[in-house]
2 protein chains.
Amino acid sequence: MNLKELASKLGLSQTTVSRALNGYPEVSEATRKLVVEAARLYGYAPNTRAKALATGNTHCIGHIIPVSEKREMVNPIFGDFMAGAGEVYAQNGFEMIVTMVEEDQEDALYRSFRTRKSVDGVVVQAPRMLDHRLGLLSDIGLPFVVHGRASSFDAPYSWLDVNNRSAFRRAARFLLDLGHRRIALINGLEHMDFAYRRRRGYEDALTAQGIASDPDIMSTSEMTEGNGYANATRMLGLPKPPSAFLVSSMIETVGVRRAVEERGLVMGSDVSIVTYDDCLSYLQNGAETPIFTATRSSVREAGKELAQMLIERIRNPQSIPQNRLLEAELLVGSSTGPFKATS
Amino acid sequence: MNLKELASKLGLSQTTVSRALNGYPEVSEATRKLVVEAARLYGYAPNTRAKALATGNTHCIGHIIPVSEKREMVNPIFGDFMAGAGEVYAQNGFEMIVTMVEEDQEDALYRSFRTRKSVDGVVVQAPRMLDHRLGLLSDIGLPFVVHGRASSFDAPYSWLDVNNRSAFRRAARFLLDLGHRRIALINGLEHMDFAYRRRRGYEDALTAQGIASDPDIMSTSEMTEGNGYANATRMLGLPKPPSAFLVSSMIETVGVRRAVEERGLVMGSDVSIVTYDDCLSYLQNGAETPIFTATRSSVREAGKELAQMLIERIRNPQSIPQNRLLEAELLVGSSTGPFKATS
DNA sequence: AAGATCTCTCAAAGCGCTTTGGATACCGCA
DNA sequence: TGCGGTATCCAAAGCGCTTTGAGAGATCTT
């Protein structure tokens, strides 16, 4: 069943039927009711491709997920982020196109999105400090919003980010206030913008107490359980091991905890841990009371808000870019305690 | 730049240019070279929507991810699964449309996919034992492949599944051989087909040894870290606690381990654990030697194979459905050991 | 040398929708 | 009675591509 058939079945023109279904005012309420009813009856729904061709809007949004052959890692937050965004897309009649792409082919992909007109806009994930993607997207005129920020890009653009610097500053301060002086940082890859900012926050807090940062107890790697374990194990084996850890993700924290317990140390007493918590659905930080002391911000909520922002931008390309800086909450759990001089 | 412009720039007709670019034999190699070169020069690429409208193929594949408002859980395997599938799609010029949908709206979504012609086919995730989706998809004639199987659906259809029953039978047998007699099962939701099969495998092994299964040490819930912890904690507190655990996912195992260690028990000696490992990229089971004894099968590989199967099906709808039953490997790690009578 | 056969190219129709620019009927008003 | 103004509806063009059916040349038969 297509428009033409439906129209002839109703004895109306395609124009009228189309307008009735799309809520245009040029058609009387009586006929609109008739048309809508008939469409329901015959199970008519417009062909998305034809509609896109006629209007120029695809009602599709691209999510680009960088993968690389060597490091096969898929960021575990994508699922929850997409769940948030997807909900908003569904409400607004948008579809989400997810593309896995090697980093060196990303530019070509954006260009292809543009020339082939397969999406109305894109969400840029995991921005790096120096990220040419934003410049490229501006140049080719493809609407976009960024989950995070790219320090290197000056022109205004729409983004939503957690205040990573202040979150880590507060977390480190919290540990300092408990008396810890050797605080390790288990960070993500520091060419990523968020990780760089987190390190800055950590250093801010140390500096404020006149403590020099020590590269021996700072690591930067992909945030996997395995890396958390490996980094923490190495640090705990140092002549002067850290008494506290500041960790960039829950999943990595699972590994840190493993290292701590394997060494026979008790978390929350011998060693304190503060983690960053994205509120992943399958890895919640305790039911009522949090297990880990954590700076927390829901990645799913971020997905929702960003989706909304992008839809706005697509509907009204002239609007000025919106920015949203979320402050993470600092929740105290049982993984932290006052510094205890070790025997 | 569109076809018409490119054609006039070349002094050729749209027909010829289109054919040249699509590799039809009716055009000479000389002109084809010319056309291809010009397309590259001007950065021409066909509008996907126009192409889809003209040909009737969208070159899009739908992935439906069920979410529900009450249980906000997003299955952590989706990321890696999609990474695998996405790779194959990219190689074959397909795009992946991901839709989050409430379970009760799933039917409407499939119907809408069909009538609006927005995808060429879909991959069905997480089939339930009684799953009417497959019948529906057959009825409406939307090509599909299933990640898993649905016991209730008889007609032939394309699927790829791990032999969950044999995997869990072997895992349970392994624990029995080590002398364990009270083996707990921490399973996923058992209306899911995979979880049902896993329980069957577990029971097979127990029955073969003449052991009756005990509901007290069998749990079925969503596979989150928190549920793993909660279930294991409860079981360890029983008058007759289990000496071994068979767990359905790595993420849940993290919680089980937490419960074990919190109780002061040593994994691999006081308590044995065998887990199912999907080879998630951010939660790998040790680098060289596995930490957990595990039945293992890569969900990313599954994604690749299923994508290939679906593309085949779309290209050749008359082909007979393919089925693929993978056997999981049983890898011995350090989380298991012989049964030790407790004091 | 004329007809038959290829080879290469083209004009035009069609995919299913939206949207422009009228047409038609009906109303009140002078 | 006739005229502008609404309220409804329509025919046709157009979105950018593929594909059908056919037409020129060039090459080959006999």
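**Two chains, two DNA strands**

Mentor: Let's start with one spot: Val98(A) sits opposite Met96(B), a residue of E2(B). This is a predicted model, in which local features need pLDDT of at least 70, side-chain atom pairs count only at pLDDT 80 or more, and totals for chains, interfaces and linings use all residues. Residues are numbered from 1 along each chain as its sequence is written, chains are lettered from A and ligands numbered from 1 in the order in which they are written, and side-chain values use heavy atoms, with hydrogens and water left out.

Trainee: What makes strand E2 of chain A and E2(B) a pair?

Mentor: They're joined by 3 bridges and run antiparallel. Two strands pair if DSSP finds at least two bridges between them, so 3 will do. A strand here is a DSSP run of E with at least two residues, a helix is a run of H or I with at least four, and both are numbered from the N terminus.

Trainee: How do you know which residues of chain A and chain B are in contact?

Mentor: Contact means heavy atoms within 4.5 Å. That picks out 45 residues from chain B and 45 residues from chain A. The two chains bury about 4,200 Å² between them, 60% of it on carbon and sulfur atoms. Buried area is the accessible area (1.4 Å probe) lost when two parts are put together, summed over both.

Trainee: How many salt bridges does the rule find across that interface?

Mentor: The rule finds 0 between chain B and chain A. A salt bridge takes a side-chain nitrogen of Lys or Arg within 4 Å of a carboxyl oxygen of Asp or Glu, so no pair across this interface passes. There are 10 residue pairs in polar contact, both residues at pLDDT 80 or more. Several elements of chain B supply at least two residues each to the side touching chain A, including helix H4 (48–55) and helix H6 (106–115). H5(B) gives the most, with 6 residues.

Trainee: Why is the approach of Arg19(A) to DNA strand D called a polar contact?

Mentor: A polar side-chain atom of Arg19(A) lies 2.9 Å from a base nitrogen of DNA strand D. A polar contact is a pair of N or O atoms within 3.5 Å, so 2.9 Å qualifies. Within protein there's more to it: one atom must be able to donate a hydrogen and the other to accept it, and residues adjacent in sequence count only if both atoms are side-chain atoms. Asn22(B) also has a polar side-chain atom 2.9 Å from DNA strand D, but at a phosphate oxygen.

Trainee: What makes a residue "near" DNA strand C, and which are closest?

Mentor: One of its heavy atoms must lie within 4 Å. DNA strand C has 27 residues around it, and the closest are Leu3(A), Ser18(A), Arg19(A), Ser13(B) and Thr15(B). Sugar and phosphate make up 58% of the strand C atoms within 4 Å of the protein. Tyr44(A) places a polar side-chain atom 2.8 Å from a phosphate oxygen of DNA strand C, while a polar backbone atom of Asn47(A) is 3.1 Å from a phosphate oxygen there.

Trainee: How do you know that E9 and E10 of chain A pair, and which way do they run?

Mentor: Strand E9 (residues 272–277) and strand E10 (residues 293–296) share 4 bridges and run parallel. The rule's minimum is two, so they count as a pair. Asp277(A) has Arg296(A) as its bridge partner in E10(A). Arg296(A) is also partnered with Glu329(A) in E12(A), and E10(A) and E12(A) are joined by 3 bridges, running antiparallel.
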